[in-house]
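Let's take a friendly walk through this model together. Have the sequence and the 3D view open as you read.

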Amino acid sequence: MLLFGGDYNPEQWDAPTWAEDVALMREARVNAATVGVFSWSCIEPREGSYRFDWLDATFERLHNAGVAVILATPTASPPPWFSLAHPDALPVRADGTRLVHGSRDTYCAAAPSYRQAAARVATKLAERYAGHPALVLWHVHNEYGTMCWCDHAATGFRTWLQQRYGPAQQGLDELNEAWGTAFWSQRYGDWEEVLPPRATQWLANPSQTLDFRRFWSSELLRAFVEQRDAIRAHTPAIPVTTNFMLSDTPVLDLWEWGREVDVVAIDHYPNSRGSSAYDQIALAADMARSINQGRPWLVMEQAASTTVEDHAVVHRPPGRTLLDSLAYIAHGSDSALFFQWRASRAGAEMYHSAMVPHAGPDTRIFREIRSLGHALEDLNEVSGSTTDAEVAIVLDFDSWWAIEARRVLPARVQYLDGVRADHRAVTFAGHLCDFVPADGDFSRYKLVIVSNTYVLSDEAAHGMHQYVRNGGCMIVTCLSGVVDSSNTVRLGGYPALLRSLLGVRVEEFHPLARGELVPLCGGGYGSVWSERLEAHGADVLDRYETGDLAGGPAITGRAAGSGYAWYVSTRLSDERNNLLVLDALAAAGITPALAKLGPAVHGLLRRKGSGHSWQFWLNYGDTTVDVPTRGYDLLLHRPVPARVELLPGAAVVVRQDGAP
Ligand code: GLA
């Protein structure tokens with residue numbers, strides 16, 4: 001079944017509203033509601049004293065209405081009593097400011113008192129609702145991602161570092177070496193001297209910063225695992241997840257996290273109203289699916305219309321809720337869930353849209369929600385099916401963190417911009433794109449793009465050599481392979497361990513000024529970054545046309561073993577990158593699973609082992625498109641003999657075997 005529904009907060013409403021809620025949920029075909037996300041102060045109003053009456057009643061009401069419960073642990077929002085009783089568990093910023101309650105996420109995840117209280121409330125919930133027939137999924141916490149630089153964080157960081165580098169003096173010597181503490185007199189003589197990268201006078205140590213990021217991701221993971229295991233002890237058959245937020249600078253290493261959740265769930269809020277909303281959806285969805293190892297995953301939260309963030313209010317245009325929800329599903333999601341069911345009357349997110357708006361059910365938004373619910377009922381047979389991709393992009397959280405450790409590289413060099421551009425080029429060519437870790441298994445792909453993979457371990461570099469020599473095609477883009485896992489430069493020219501594979505040597509970086517474009521002889525231009533590149537065995541495929549690098553190689557290619565590897569020494573303009581990726585796809589011998597019918601029309605395929613497959617066609621453009629397809633239209637309940645007309649903003653789902 002495809003899950004449809006959203007975060008449900010009955011604690012914000014009264015009894016007549018609860019009755020209307022279940023009636024409207026039925027009407028809209030809602031089949032799942034997430035309860036309890038921010039309910040800690042209602043569940044445990046005083047330390048150690050619990051109230052479940054309202055939650056019991058919510059379970060019963062939802063169950064009687066045929067709505068399954070996704071039960072959240074409320075640990076992203078400790079109640080005020082908690083921060084007064086445990087002031088040491090309040091979060092501290094890098095500049096030493098201790099925050100107080102009054103919002104959400106006011107805790108330090110490394111504080112023992114917080115961890116105990118979180119595990120305790122999770123256990124109480126699991127004891128209470130174990131065996132309840134409405135319970136289908138656990139949603140631990142909410143959007144893990146809050147950081148802290150307090151003394152608890154410092155203690156945890158030292159323990160983590162001792163596990164990485166070894167205890168005692170020898171471990172400290174290793175750490176001094178790995179962090180390059182000979183620079184600026186940073187040598188540590190005692191473990192107690194080692195701190196999180198707090199506010200300091202001038203630039204921080206990039207190796208320390210990268211290790212702190214790694215530590216914090218794993219500290220949050222330990223907090224998640226504690227709750228997960230406490231829950232599993234009572235409900236071993238119920239899957240456990242948490243909702244990831246795919247932000248511009250991630251706090252979590254999602255490859256590590258993906259192994260610990262039973263199913264990957266994401267929250268996603270595209271901020272474009274145009275056709276590029278699809279690029280954002282495809283990127284997030286492809287990441288979620290890949291982190292879930294190709295299995296169906298969940299959209300846990302999306303907005304029915306407006307999101308309110310940083311004073312920028314973005315609404316979803318009419319019709320988009322269905323189109324976007326089908327786009328996530330086409331990319332492997334088995335749900336369309338929302339934040340939230342009913343728009344709050346008060347609180348920081350009072351103007352965030354919801355499935356039931358302030359104006360009530362007689363609204364454009366609720367009508368669209370109801371249509372979506374009915375459409376999803378028609379698509380239930382798709383759930384459990386998977387997708388196939390022959391192209392992958394490397395997604396590397398170390399590189400993301402290291403590139404964005406401020407002021408080592410210019411702020412305009414953003415890791416995700418490089419990944420996004422390459423993902424857009426694969427999408428433009430009509431291919432589904434997976435993501436893969438830098439040291440992952442590339443063998444199932446015919447083309448892998450190593451997109452600004454700045455941190456490269458020996459093992460990952462070795463795997464890349466093997467992949468190409470065994471026949472793989474690989475594009476490596478600028479700023480890859482520059483530093484080792486300690487964030488220390490590899491000497492002799494970049495991209496160091498990949499030089500012999502690519503047949504190139506980067507001698508010098510030429511960062512480009514904001515807005516500066518360097519034309520290439522073969523058309524298009526580079527921006528943001530360029531490099532003085534020498535070909536040592538590679539063919540020069542394009543050169544810089546003007547500027548200090550005029551005449552020098554910009555793009556190279558080289559056959560290695562039975563594969564082929566390109567190197568791109570700048571951030572290419574979209575048109576030029578599209579051409580390069582099309583060339584690489586042709587060289588790799590890959591054609592799209594479904595014909596490409598224009599830049600804003602997207603065709604995707606989901607399959608089930610039994611031989612069933614479903615075509616999803618999504619029109620994000622503003623013209624009607626004639627789609628050649630045959631089978632059975634699941635939304636309009638009719639056979640499709642040869643083609644369908646796809647109106648702007650419309651979607652069609654066609655079962656391939658045709659049988660109704
Ligand atoms: C995420 C959070 C929700 C809410 C929305 C707002 O989905 O989990 O609690 O803050 O963002 O967009």
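Arginine 104 places a polar side-chain atom 2.9 Å from an oxygen atom of the ligand. Asparagine 142 and glutamate 143 also reach ligand oxygen atoms, as the table shows. Each pair fits the definition of a polar contact (N or O atoms within 3.5 Å; within protein, one must be able to donate a hydrogen and the other to accept it, and residues adjacent in sequence count only if both atoms are side-chain atoms).

| Residue | Distance from its polar side-chain atom (N or O) to a ligand oxygen atom |
|---|---|
| Arginine 104 | 2.9 Å |
| Asparagine 142 | 2.9 Å |
| Glutamate 143 | 3.4 Å |

Taken alone, the ligand exposes 300 Å², and the protein buries 95% of that (areas by the Shrake-Rupley method with a 1.4 Å probe; for residues, only the protein chains shown count as cover).

Please keep in mind that this is a predicted model, in which local features need pLDDT of at least 70 and side-chain atom pairs count only at pLDDT 80 or more, while totals for chains, interfaces and linings use all residues. Residues are numbered from 1 along each chain as its sequence is written, and side-chain values use heavy atoms, with hydrogens and water left out.

Which residues surround the ligand? They are Phe38, Arg104, Asn142, Glu143, Asn243, Asp267, Tyr269, Glu301, Phe339, Glu349 and His352, where near means a heavy atom within 4 Å. This shell divides into three nonpolar, three polar and five charged residues (nonpolar: Ala, Val, Leu, Ile, Met, Phe, Trp, Tyr, Cys and Pro; charged: Asp, Glu, Lys and Arg; polar: the others, Gly among them).

Now to a helix and the loop after it. Helix α11 is largely enclosed by the rest of the structure, because 10 of its 11 residues are buried (under 20% relative accessible area, with exposed over 50% and partly exposed in between; 1.4 Å probe, protein chains only). Among the buried ones are Leu323, Leu326 and Ile329. Helices (H or I, at least four residues) and strands (E, at least two) are DSSP runs numbered from the N terminus. Histidine 331 sits in the loop between α11 (320–330) and β11 (335–338), and is buried at 2% relative accessibility. Leaving aside residues up to four places away in sequence, histidine 331 touches (heavy atoms within 4.5 Å) residues including Tyr278, Trp297 and Leu604. Glycine 332, just after α11, takes a positive phi of about 110 degrees.

How many disulfides does the structure hold? Zero, with a disulfide being a pair of cysteine sulfur atoms within 2.5 Å. For cysteine 150, the nearest cysteine sulfur, in cysteine 148, is 3.5 Å away. Cysteine 433 has its closest cysteine sulfur 15 Å away, in cysteine 473, too far for a bond.
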